[in-house]
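Work through the exercises below with the structure open. Each task is followed by a stepwise solution.

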Amino acid sequence: MNTSDTPGRTAVTPAAHRAAVATETARFVAALDGADLTLPVPGCPGWTLVNLIGHTGNVQRMFSGLLRRRVQEPPRSREVNWRLPEDGTDARGWADWLAASAAEAADAFDGIDPDAAMWAWGVDQHARFWMRRMLFETLVHRTDAEQALGLRPVVDPVLAADGVEEFLVNLPHAASFAPGVAQLRGNGETLRFRCTDTAGDWLVRLAPDGFGLIPQAAAGPADAGVEAPATDLLLLLYGRLGREADTVAVSGDAELPARWFAHSAF
């Protein structure tokens, strides 16, 4: 069962994560109709739209392979038969390829119990970790594609709040591919992240040996706070929105949020 540590916040189940992978991919595919694949992607500096599509589909296929094998230890290879489109400039071909990636994911989901024990790089050592992780990889990159195309992304606030929690819970374990998190240390300072349009309130404590969420039962006042609607808070944490945005409010010790965002790139 998927539960939330945030009282009052609606828990998003593995079944909902699985369904949302398909929905988010379909929205991504729809945005690609007639798109120029050479467009730069602001959320992923140095990437074009075709790089973004390839990455998203590759992640879906790789995670699907992990689920099918029910891996019990870190994989030694990431080799996957990506079956990339032959014409690298054909938007329709890439859109169809991305849709096929989501179909592979759906097939992998159908064959595994979300509660099955599996290795994962994050906290939750079960198959459901990879379902949830695949969803937010897909969702965030769908918003990247829309922004590259001049569209304003819309995300369900409940789903966005779930993404905020997933990010904050797993970030302390991401040092192998996000080395900056090793710099998130302190002497007990606390930083609160809060959604302003739906339930969602998380308190992070920076300690000499690392950082992590404080259980809500023990949560109290914070040294600094960052508040925004759930979608904007999610995009802010992923570096897709700046703290200067009109929808973002920062309070308290300004050095704490500055330190956080300088070292939390995922």
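**Exercise 1.** Which residues of α2 meet which residues of α3 in this predicted model? Sort the contact by class.

*Solution.*
Step 1. Take the α2 side. V50, I53, G54, T56, G57, N58, Q60, R61, S64, L67 and R68 make the contact.
Step 2. Take the α3 side. Their partners are W94, W97, L98, A100, S101, A102, E104, A105, D107, A108 and F109.
Step 3. Sort by class. The contact of α2 with α3 holds eleven nonpolar, seven polar and four charged residues.

**Exercise 2.** At what angle do α2 and α3 pack, and how far apart are their axes? Classify the arrangement.

*Solution.*
Step 1. Set the limits. α2 covers residues 49–69, and α3 covers residues 91–110.
Step 2. Read the geometry. The helices pack at about 20°, and their axes lie 9 Å apart.
Step 3. Apply the cut-off. Angles under 35 degrees count as roughly parallel. Therefore α2 is roughly parallel to α3.
Step 4. Add the handedness. The crossing of α2 past α3 is left-handed.

**Exercise 3.** What pattern does the protein chain follow along the sequence? Then assess its compactness.

*Solution.*
Step 1. Count elements. The protein chain has seven helices and five strands.
Step 2. Write the order. The pattern is α-α-α-α-α-β-β-β-β-α-β-α.
Step 3. Compare radii. The radius of gyration is 18 Å, close to the 18 Å from the globule rule for 266 residues, so the protein chain is as compact as a globular protein of that length.
Step 4. Add the extents. The C-alpha trace spans about 55 × 40 × 30 Å along its principal axes.
Step 5. Check burial. Of the 266 residues, 51% count as buried.

Conventions:
Residues are numbered from 1 along each chain as its sequence is written. This is a predicted model: local features need pLDDT of at least 70, side-chain atom pairs count only at pLDDT 80 or more; totals for chains, interfaces and linings use all residues. Side-chain values use heavy atoms; hydrogens and water are left out. Axes are lines fitted to C-alpha atoms, for helices over the stretch in contact, and angles run from 0 to 180 degrees between N-to-C directions. Helices (H or I, at least four residues) and strands (E, at least two) are DSSP runs, numbered from the N terminus. Angles under 35 degrees count as roughly parallel, over 145 as roughly antiparallel, 65 to 115 as roughly perpendicular and the rest as oblique. A crossing is left-handed if the near helix is turned anticlockwise from the far one by less than a right angle, and right-handed if clockwise. Contact means heavy atoms within 4.5 Å. Ala, Val, Leu, Ile, Met, Phe, Trp, Tyr, Cys and Pro count as nonpolar, Asp, Glu, Lys and Arg as charged, and the others, Gly among them, as polar. The radius of gyration is taken over C-alpha atoms; the globule rule is 2.2 Å times the number of residues to the power 0.38. Buried means under 20% relative accessible area, exposed over 50%, partly exposed in between (1.4 Å probe, protein chains only).
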